[in-house]
Structures are given as C-alpha cells and as structure tokens.
Amino acid sequence: MSTQTPLQREPHDRVGAARIELTRSRWLRATLRSRAFQPALMLVMLFFFVAAVLAGLVGTPAGNHNFAIVFVWIVWWALLIVVMVPFFGRMWCTICPIPGPGEWLQRRGVVRRTPGRLRSLGWRWPHRLRNIWLQNAGFLALALFSAIVLTRPDVTAWLLLGMVLLGVVLSVFYDNRVFCRYVCPVGGFIGLYSLTSTIELRVKDTRVCMDHATKDCVIGTPQSYGCPWMVFPGNLGRDAYCGLCTECLKACPKDNIALNLRPFGADLLVAKGRRLDEAYKALIMLSCALLYSAVLLGPWGWIKDWANMATFAGWTTYAAGFLAIAVLGVPGVFWLIALAARTAAGVAVPIRRLFVDLAYSLVPLGLTGWIAFTAGFVLVNGTYAVSVLSDPFGWGWDLFGTRSVPWRPILTEVVTVTQVALLLVGLAYSVVVAYRIARQQTASEAQAWRGTLPVSGFLCAVTLTFLWLYLG
Amino acid sequence: MTRARLWLLLPFGALALVVLLVPLPFAPAPVTRELTVVARQFAFEPPVLRVNRGDRVRLTLEASDVVHGLHVDEYGVDARVEPGIARRVEFVADRAGKFRYRCSVSCGPLHPFMTGELVVSPNLPFVRAVGLTLVVLAATLVSLRRLPPGGAPGTT
C-alpha cells in the first residue's frame, strides 16, 4: 500500500458543473435589486411571527390547537427542511423576521438605505467565536429541551422573543448580522445543509471583483449596505454563510453578481472552507435526527418522560445520554472511521483533516434523515394546521370555517415508503460524496475507493438504524 | 452515466426487483390474541404489540389517568377510552409490517408524540428495506469503482 501526501485535486470536483443564471431574467434581477424585496418578505413573516408569539403567550396551552406550535413546529419546520433548505439554501434567512428589529434599529430604517454608518458601538466580534461552535452549542441546548419547546406554546413564544431580543442586543454592540452568522442555532445547520441546495449566489467573473478597487459589495453604496453577513462575494466559493439578502446585487456597479441554479450538493465538494466546527455540525445533526426519531416518534414512554422533564433525575440522565451520543459517541466512532479510511486508502493525510473532510459526506444522509423524520410527524399531524388556521388562539374562533376539521393522519400508508426512498437516496449520495472527497486526498481512484469503504459501512449502519426505528 | 456503468448496474436493478417482489414463506396458523393496552400520559403499555398476519386481535384498552384515544395507522381502528371504563376493539391483522398506534384524543403537551407500535409478522417491509439498502450500497460502490479499460463486458 503506497503512502501519499495530501492533495487538493480541484479537477476531480464538480465545482465547475453546469449552472443556469437565473438573474438573466430581467424581472427577477429587478425584483432582487429592489430595496423593498427583502423587507417586504420579512414584514410578511413578521406578521406570522407576531401571531405565533401572541398565540403562544395568550392562546390555549394545548399545543396541537395553538398557532405557535402548529405553525412553527409543523408548518414552518416542514417547509424549511423539505423545501427551502434543499432547493433554496438560505432562503429562509432572506425572509426570517428574527434579526429584523435589530437590523432596522442599526440601520435606522427598514427599506431605504439610510445615509451614514450603521448605528452600533462598533465592537469587533471575538476572533475565537468566528465559527459556528456557538451555533452548535445552541442547537444542542435546544435539542435537550425539545420535548418541552415543541409542545408548550408559551415556551415557544418566549424562545422566539428571546431570539429577537438577543438579535437586538447584539446589534447594539456589533455591526451587521452577527446574530445570524455566529449565534442563531437554526442558522448553523441551514448553512451547512445549504451546501446541498440547488441555488447559489456567485460572482460571474472573479477577476472583475479582484480588479474592482472600491469593493462596493463589502463597503456599501449610497443605495445599498455592505454585506450584512460579512462575506466578500468576490471569493465566495460555497453557500454556508451567504444569507441571500441580495445587498450585493444592489451594490455591484459591474453587474457581476448572479443567482444560479446548480446541481444538488455542488458545494459539498468544495475543499476550501471545510472546518472542524462544520464537521461537528454534520455529526450533531445526524445524531439528532436519529435521537429525535427514537425519542419523539418511538414507542418508549420512559424516554418521553425523561425528555418531558417528568423528573429532574430522568431529564438529567436523558441530557447526559443525549450529549454523550451526539458530542462524543457518534463523532468518536466517525473518528475511528476516518482512521480506518486513511489506513484503507494508504494515505498520510492528517487524521483531523480526513475526519473534517469526510464528515461532509454525512450531509446528504443527514438531510434526508431529517426529511424522513419530518415526514413521520408532519403528515400525521398536518390536519391540526387546518383547524388552527381558523382558531389560532384556541379561543373558539372559526375564521375560515375549518375549526371543526377533525384530526386525521393522512397518507400514513406512504410515509414509510417515502422514508425508505429518502434514506436510500441519501445513502447513495453520501457514498458518492465520500468517494469524491476521498479522491481529493488520494493519488489514485483505487485508493479513494478503498478509503470510501469504511465510511460506506458507517453510512449503511446509520441508514439501517433509521430503518429499524421507522420500520423494524 | 456512461453506458458501461448502466450495464454494470443492471444486475443490481434485477436484484432490487427480487428483493422487492420475491414472496417470503411464512405461514403460522392465525390465532385469536387477547391483548390489553393501558394508555397514560404520554405512552401506551406495552409500547409494542407483536402479532402474526391473519391473527384476530382483541384489544382491551384502558386509560389510567385522563381520557385517551387509540388510532391504529392503516387499520382504521379508532376508539376513545375514559379512566375506569375499559373499551374493547377487535380487528384482523391482515397487513404485515410495523404500524403506529396513536392517542387520538388531546391529552396533554406530548399528545402528538404519544405512540405505540403494532408489529405484524412477517415484517416484510423492513426485511425488504434492509435488503434494498444493501443492494443500493453495493450498486453505488461498484459504480464508483473504476471500470477496467474497455468498460464492462459487452460494452466494447
């Protein structure tokens, strides 16, 4: 078995795969360049957001009859994970109302570009927090309380309000969307899973940006703000941190920014930018999809009691077990898998590098695993949305005449078929991504193939665990 | 995908069809099963019911705390039970696989996640799904493996 040094083999990536520039449509380009585009969508979402908060605070405590629970954790979640993330990447971040108040205060306006600098204390975000570790921790913290958050309207309302408040507080101290980029627990996984999405924002010609002295997309212009996500579009190679706010489209005097349609998963093969915090996010998300499937969809009442904080000792045990699996267990096993892959491939790549790179192969299976989990409860509980639409607070209203629509699981006969199909697609795609990532680290295809085998075993074991939970 | 790879994947397609369609022998004589399920916030005891296909299931449903319901996916069974008053439902387990039964009466915060499982053997959907997973994995790995010069047999 030969020993090879690490190679970054861009020619084997599909980085240059076919794209269709959507912004060639004059109508779409004009829409995205309009200053009203993002605020208008955010204000619409803000209406639903306020309704959810109000329903959570003053509506019925019965979650399945409360707008806050049904529309946030069933309707919004399903749209996010099934439609928005896989197809439109960070589109949710475009329309999310949570950072709105902080951003509007900082800008002293909602739609128009207010002259002058952003109004904040101008602190610099700590260098050691310029990653998604905070988002990983925040997501895990939420996950530990998921049985409470997902079922108690008042807790959901306070959580939403807390996120808005945190966004406002951070906007007082720091310029731009520090909350979205470094803190939001949802934004972390949206960013990672957006690497699979079919939409990307890119510059048309990087040389134009390099030669452009004023960098209007970063600094801003009298008509637009500098990138609120603190990204330079000129060297944007992947979508993890572009919030699709379209400010750069408005700013660029060279008309060099494009919104493209692209193949699924294109960014997963971009070697530049892979990091340990993102790799951990991939592992945490995969672990959480499995754990949620067991805790929330499984038949074991004792775990639900623990998760529901029936006793403090039970919840402590649950939290310890949850963290042990998500933070230590699964990542630890995957570290051994990376070690086995290195041995099988016969390469001298540092194990940490291989661990990080190969973790991106978990993204497709993680995403389809989350969609499969979502299918397991959305179709079953979807009819609650119909009645809640007419009676969002559970006060007996009948706004659209649908309040009496009874709860009825729909299409349960296709749920398991859908779950199996999703998991198989995710498995196959993940194996292909693992191979292509391994190929970036090896000199030959045979080495890459051998290196893929341990990862494939891991992916297969995860798939079979999902199947056991859903069908076994 | 190249023509050579398509040829290479053809046997796996055939194997997948076999996994999906082949009838697996299993024929225990149907019996009548008397089972009791106790519903409480937010679980059923026992959490998993195991029967064989064709069995007649006589289910006694009890509630130990508040009013609960029982809805068995794909079986059309629906019942409501109050504490202290047992309820009986009866059905023939004529479909194999795993089916969730759920509380159908709002009973508290975790009500939407109050589920149990009815496993009707032989659990062919699970067996076929596992077989299909192995076929898909093998097909993917084989398709990634570099083909020998000249491509797969029959494609030159």
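Colleague: Which side chain of chain A does B:Asp78 meet in a salt bridge?

Modeller: A salt bridge is defined here as a side-chain nitrogen of Lys or Arg within 4 Å of a carboxyl oxygen of Asp or Glu. Side chains of opposite charge can pair when their charged atoms come close. In this predicted model, B:Asp78 pairs with A:Arg408, at 2.9 Å from N to O. Between chain B and chain A the count is two salt bridges.

Colleague: On what conventions do such statements rest?

Modeller: Residues are numbered from 1 along each chain as its sequence is written, while chains are lettered from A and ligands numbered from 1 in the order in which they are written. Because the model is predicted, local features need pLDDT of at least 70 and side-chain atom pairs count only at pLDDT 80 or more, whereas totals for chains, interfaces and linings use all residues; side-chain values use heavy atoms, with hydrogens and water left out.

Colleague: What is the mean pLDDT of chain B, and where does pLDDT stay under 50?

Modeller: The term pLDDT denotes the predictor's confidence in each residue, from 0 to 100. Chain B has a mean of 90, and 92% of its residues reach 70 or more. Over residues 150-156 of chain B, pLDDT stays under 50. For that stretch the model has eight contacts (heavy atoms within 4.5 Å) beyond four places in sequence. Where pLDDT is low, the predicted coordinates should not be read in detail.

Colleague: How many residues does each chain give to the contact, and what area is buried between them?

Modeller: Buried area is the accessible area (1.4 Å probe) that two parts lose on being put together, summed over both. Chain B gives 40 residues and chain A gives 44. About 3700 Å² is buried between the chains, and carbon and sulfur atoms give 66% of that area. On the side of chain B, the residues that lose the most area to chain A are B:Leu110, B:Phe113 and B:Leu144, together 18% of what that side buries.

Colleague: How many residue pairs are in polar contact across the interface, and which elements of chain B give two or more residues to it?

Modeller: A polar contact is a pair of N or O atoms within 3.5 Å; within protein, one must be able to donate a hydrogen and the other to accept it, and residues adjacent in sequence count only if both atoms are side-chain atoms. The rule finds 13 such residue pairs across the interface, both residues being at pLDDT 80 or more. Helices (H or I, at least four residues) and strands (E, at least two) are DSSP runs, numbered from the N terminus. The elements of chain B that give two or more residues are strand S8 (97-102), strand S9 (115-121) and helix H2 (124-144). H2(B) supplies the largest share of that side, twelve residues.

Colleague: Is B:Arg100 buried or exposed, and which backbone oxygens does its side chain reach?

Modeller: Buried means under 20% relative accessible area, exposed over 50%, and partly exposed in between (1.4 Å probe, protein chains only). B:Arg100, in strand S8 of chain B, counts as buried because its relative accessibility is 11%. Its side chain reaches the backbone oxygen of A:Leu297 at 3.1 Å and that of A:Leu469 at 3.1 Å. Beyond its neighbours within four places in sequence, B:Arg100 is in contact with residues including A:Tyr470, B:His71 and B:Asp73.

Colleague: How many salt bridges does the whole structure hold, and where do A:Glu200 and A:Arg19 lie?

Modeller: The search finds 31 over all chains. A:Glu200 and A:Arg19 meet at 2.8 Å, N to O. This pair links distant parts of the chain, 181 residues apart: A:Glu200 is in strand S2 (residues 199-203) of chain A, and A:Arg19 in the segment before strand S1 (20-21). A:Glu200 is buried, at 2% relative accessible area, whereas A:Arg19 is partly exposed, at 26%. Both belong to a network of salt bridges with A:Arg202, A:Asp239, A:Arg262 and A:Asp267.

Colleague: Which backbone angles deserve attention?

Modeller: Most residues other than glycine have a negative phi, and most peptide bonds are trans. The bond from B:Gln41 to B:Phe42 is cis, with omega near -5°, and B:Phe42 is in the loop between strand S1 (32-40) and strand S2 (43-45) of chain B. The bond from B:Glu45 to B:Pro46 is also cis, with omega near -5°. A:Asn176, which is not a glycine, has a positive phi of about 65°.
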